[in-house]
Amino acid sequence: MTAPAAPPRSIRLVFKGEWTAPGSKGLLGADPRLRTLRKVLVSYPDVRHIVPDRISLDASADSRTLDAVARFLERQHWLVKSIAVE
């Protein structure tokens, strides 16, 4: 019998000001800063996918990778109010 697969890990974001407006696409917006941010995020080895308010990482992602991504996001003061690692 095999052990059940661990669920993927994720980082949920709470955005600031203008990024919370109705119709805002969060991380998937067209702003050049968001496009650059997405390029950096997908360069991390265990990032699976990005949705407007969350970044999903492989269940096997090392805790150091998860911490590095979380710290990187916390430094995006122009966009992020807070993050939650799940």
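## A tour from the β2–β3 hairpin to helix α1

Select H49 first: this residue stands opposite S56 in β3. The model is a predicted one.

**The sheet.** Widen the selection to strand β2, residues 47–51, together with β3; the two pair in the antiparallel sense over four bridges. They form a hairpin, with two residues between the strands. Now add strand β1, residues 9–15. β1 runs antiparallel to β3, residues 54–57, and four bridges join them. To find one point of this pairing, select R12, whose bridge partner in β3 is R54.

**The core.** Next, select I55. Which residues touch the most other members of the largest nonpolar core? They are I55 and L73, in a core of 21 residues. At least two residues of this core come from each of β1, α1 (32–42), β2, β3, α2 (63–74) and β4 (80–85). The element that gives the most is α2, with five residues. In soluble globular proteins, nonpolar side chains tend to be buried together.

Show the surroundings of I55, leaving out its neighbours within four places in sequence. The residues in contact with I55 include R9, S10, I11 and L13. Also among its contacts are V47, H49 and I50, and the list is completed by L27, L41 and L73. H49, where the tour began, is thus met again here as a contact of I55.

**L37.** Move to helix α1 and select L37. Is this residue buried or exposed? L37 is buried, because its relative accessible area is 4%, and the cut-off for buried is under 20%. Beyond its neighbours within four places in sequence, L37 is in contact with L27, F72, L73, Q76 and L79. Take F72 from that set and draw a distance between C-alpha atoms: L37 and F72 are 35 residues apart along the chain, and the separation is 9.9 Å.

**R38.** The last stop is R38, also in helix α1. R38 is buried yet has no salt bridge. Where is the nearest side chain of opposite charge? It belongs to D31, 8.4 Å away. Select L27 instead: its backbone oxygen lies 2.6 Å from a polar atom of the R38 side chain. Not counting residues up to four places away in sequence, R38 touches L27, L28, G29 and I50.

To finish, keep L27 selected and step back through the stops. L27 is in contact with I55, with L37 and with R38.

Methods. Residues are numbered from 1 along each chain as its sequence is written. This is a predicted model: local features need pLDDT of at least 70, side-chain atom pairs count only at pLDDT 80 or more; totals for chains, interfaces and linings use all residues. Side-chain values use heavy atoms; hydrogens and water are left out. Two strands pair if DSSP finds at least two bridges between them. A nonpolar core is a set of buried Ala, Val, Leu, Ile, Met, Phe, Trp, Tyr and Cys residues joined through side-chain atoms within 4.5 Å. Buried means under 20% relative accessible area, exposed over 50%, partly exposed in between (1.4 Å probe, protein chains only). Contact means heavy atoms within 4.5 Å. Lys and Arg count as positive and Asp and Glu as negative; His and the chain ends are not counted. A salt bridge is a side-chain nitrogen of Lys or Arg within 4 Å of a carboxyl oxygen of Asp or Glu. A polar contact is a pair of N or O atoms within 3.5 Å; within protein, one must be able to donate a hydrogen and the other to accept it, and residues adjacent in sequence count only if both atoms are side-chain atoms.
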